[in-house]
Amino acid sequence: MPEAPDILSPEFNADPYPAYRVLREHHPLLWHEPMQSYVVSRYEDVAKAFRDPVFTSNNYEWQLEPVHGGKTILQLDGREHARRRALVAPAFRGDELRERFEPLIERNAAELIDEFRSAGQVDLVEQFARRLPVNVIVDMLGLDKADYGRFQRWYTSIIGFLGNLTQDPDVVADGLRTSEEFAAYLIPIIQQRRENPGDDLLSRMCLAEVDGTRMTDQDIKAFCSLLLAAGGETTDKAIAGVFRNLLAHPAQLAAVRQDRTLIPQAFVETLRYTPPVHMIMREPAEDVTFSGGTVPAGSTVTVLIGAANRDAEHFANPDDFDLFREDLDTGNAFSAAANHLAFALGRHFCVGALLAKAEVEIGANLLLDAMPDLHAAEPSNETGVFTRGPDALRVRFSPVAA
Ligand code: HEM
């Protein structure tokens, strides 16, 4: 039997997919000593950990609370989670989203493209993918466009803190400083919105009430910080991933360019093939049986989304990027639910899935319009263990006049 691969090794970071295959086939339930966690990799086991209510997600505490400044829905379970989620979820629903936020996405994407459309070359990560989701969150919250740059800095600092596997003290200090700066900026604005609410997401969070209770200023600040991290980094990696995958498969890029109704399929196949989030932790309240054996109550279970999405029991030729595959559900305009696991499943299913879908689809369409003969300028690497995506994606194209 092949030895169990180390999911924190440099080789794994360079290319986790061969290791995922070994895990699925030979070590479907693995104890990882350095992480003090069980690891599951088969589709059915990952789906079970998401769906079965015996699992809680409260073991994120050490990582999320210091930087967000409080508990967020990602860490809550049961009634408290359902109540908090109900306070924020309506604004991210399909009908509301399209009417209110699609124009914001379109304007932001067009403005970013205007900055490089006549240059003939661009790093799509640096100048587009990383910025669009953050700018859109600033706009949705009804904050000042002049603050885009400041939010970009906070975003980089927060995701740096969350991805700081080696606990570099400078990165920790920067993240904690950002949390304080963000609170000093946002809490006075939250207080103003409570008195003079507008039609923006921040005002709606101030007014939202479920079971007679509202979110505190600190709850709202923590949720906005979560939005930046959970909504920024993932969408960033999804936009870049779509283009990286299409550039590596020129016939599929040509097909999408010709028929833009294929963009949703390219998005969903990207989420299956190269999901932005690869690892998530859960904790069972009772002993639980997976296909590889039983884990005791109270232990940490790391679920590998990247491995589950390439499970041959679920997807034919799983290591092929194929937006025409017949075994992939794409969801629809009102639901992003599909059969890949990139948005998780069950109670913590991504609140922002439809927003991400809208951002990627609108962004991809406008980018294809602006870059008629888009091609890669240099190879682009994917990195990351918990979250994963291209660090850079330099492309060239014939410049089009604005
Ligand atoms: C939850 C992925 C975009 C907000 C999640 C979870 C995943 C995920 C896997 C579950 C986490 C867990 O169970 O521990 C993604 C991916 C995205 C994306 C792949 C882009 C392609 C967004 C956006 C937003 C957002 C745009 C909002 C601006 C959230 C929130 C949660 C969440 C608030 C917590 C939900 C809960 O705990 O009930 N996302 N996400 N996400 N996501 Fe996303």
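What share of the 402 residues in the protein chain is buried? Buried residues make up 45% of them, and the legends below walk through this predicted model.

**View 1. The whole chain, with its 16 helices and 12 strands.** The radius of gyration of the protein chain is 21 Å, close to the 21 Å that the globule rule gives for 402 residues, so the chain is as compact as a globular protein of that length. Its C-alpha trace spans about 60 × 55 × 40 Å along the principal axes. Look too at how the chain folds back on itself: among contacts between residues at least 6 apart in sequence, 70% join residues at least 24 apart.

**View 2. The shell of 24 residues around the ligand.** Coming nearest to the ligand are G231, T234, H348, C350 and G352. Helix 12 (217-248) and helix 16 (353-370) are the elements that give two or more residues to this shell. Helix 12 provides the largest share, 7 residues. Sorted by class, the shell has 17 nonpolar, 6 polar and 1 charged residues.

**View 3. An open sheet of 5 strands with mixed pairing.** Follow the strands in the order 1-2-8-5-3. Strand 1 (29-32) and strand 3 (55-56) stand at the edges with a single partner strand each, so one side of each is left without a neighbour in the sheet.

**View 4. Strands 5 and 8, with helix 3 lying across them.** Strand 5 (residues 279-284) pairs with strand 8 (residues 301-304) in the antiparallel sense over 4 bridges. For M279, the bridge partner in strand 8 is L304. Helix 3 (residues 43-51) also lies across strand 2 (37-40) and strand 3, and runs at about 125° to strand 8.

How values were computed: Residues are numbered from 1 along each chain as its sequence is written. This is a predicted model: local features need pLDDT of at least 70, side-chain atom pairs count only at pLDDT 80 or more; totals for chains, interfaces and linings use all residues. The radius of gyration is taken over C-alpha atoms; the globule rule is 2.2 Å times the number of residues to the power 0.38. A residue is buried if 20 or more other C-beta atoms lie within 10 Å of its own, exposed if 12 or fewer, and partly exposed in between; C-beta atoms are placed from the backbone. Two residues are in contact if their C-beta atoms, placed from the backbone, lie within 7 Å. A residue is near a molecule or strand if its C-beta atom, placed from the backbone, lies within 6 Å of it. Ala, Val, Leu, Ile, Met, Phe, Trp, Tyr, Cys and Pro count as nonpolar, Asp, Glu, Lys and Arg as charged, and the others, Gly among them, as polar. Two strands pair if DSSP finds at least two bridges between them. Axes are lines fitted to C-alpha atoms, for helices over the stretch in contact, and angles run from 0 to 180 degrees between N-to-C directions.
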